[in-house]
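Trainee: I would like to learn how to read a protein model. Could we go through one together, feature by feature?

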Amino acid sequence: MKYDFIKVGATVCWHDPEGISEGEYKVASVPDNLEDDSVVLITSGFSEAEVFPTELSPV
């Protein structure tokens, strides 16, 4: 599956569509059935965001 790299605890790169907070984040929460329009919670030392899997890539 194309989102196999998105697992709780994994480090991912977020490509923020607004270009404000791009960079490396840890995956905090993933729905059981991961689709293009699912919401994934990612965190860093200073922020967190709910993003779509299409905005993430492996590090």
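**Reading the sheet and its core**

Mentor: One pairing to begin with: I42 has A49 in β4 as its bridge partner. Keep in mind that this is a predicted model.

Trainee: How do strands of a sheet pair in general, and in what order do the strands form the sheet here?

Mentor: Strands of a sheet pair through backbone hydrogen bonds, and the pairing is either parallel or antiparallel. In this model, 5 strands form an open sheet in the order β4-β3-β2-β1-β5, with antiparallel pairing. Its edge strands, each paired on one side only, are β4 (48-51) and β5 (56-58). From one strand to the next, the twist averages 45°.

Trainee: How many bridges join β3 to β4?

Mentor: Strand β3 covers residues 40-43, and 4 bridges join it to β4. The two strands run antiparallel, and a hairpin of 4 residues connects them. Besides the pairing of I42 with A49, V40 stands opposite V51 in β4.

Trainee: And how many bridges join β2 to β3?

Mentor: There are 3 bridges between β2 and β3, which also run antiparallel. Here V27 stands opposite I42 in β3.

Trainee: Which residues of β3 are on the covered face, and which on the uncovered one?

Mentor: V40 and I42 make up the covered face of β3, while L41 and T43 make up the uncovered face.

Trainee: Which residues make up the largest nonpolar core?

Mentor: That core has 12 residues in all: Y3, I6, V12, W14, Y25, V27, L34, V40, I42, A49, V51 and L56. The elements that give two or more residues to the core are β1 (11-14), β2 (23-29), β3 and β4.

Trainee: What is V27 in contact with, leaving aside its neighbours within four places in sequence?

Mentor: V27 is in contact with I6, K7, V8, G9, A10, V12, V40, L41 and I42.

Trainee: How is a pair of aromatic rings described, and how many such pairs does the structure hold?

Mentor: A pair of aromatic rings is described by the distance of the centres and the angle of the planes. The structure holds 1 aromatic pair. The ring centres of W14 and Y25 are 5.5 Å apart and the planes are at 80°, so the pair is edge-to-face. W14 lies in strand β1 and Y25 in strand β2, 11 residues apart, and the pair links distant parts of the chain.

Trainee: Is W14 buried or exposed, and what about Y25?

Mentor: W14 counts as buried because its relative accessibility is 8%, and the cut-off for buried is under 20%. Y25 is buried too, with a relative accessible area of 3%.

Technical notes:
Residues are numbered from 1 along each chain as its sequence is written. This is a predicted model: local features need pLDDT of at least 70, side-chain atom pairs count only at pLDDT 80 or more; totals for chains, interfaces and linings use all residues. Side-chain values use heavy atoms; hydrogens and water are left out. Two strands pair if DSSP finds at least two bridges between them. Axes are lines fitted to C-alpha atoms, for helices over the stretch in contact, and angles run from 0 to 180 degrees between N-to-C directions. A nonpolar core is a set of buried Ala, Val, Leu, Ile, Met, Phe, Trp, Tyr and Cys residues joined through side-chain atoms within 4.5 Å. Buried means under 20% relative accessible area, exposed over 50%, partly exposed in between (1.4 Å probe, protein chains only). Contact means heavy atoms within 4.5 Å. Rings of Phe, Tyr and Trp (its six-membered ring) pair if their centres lie within 6.5 Å; planes under 30 degrees apart count as stacked, over 60 as edge-to-face and the rest as tilted.
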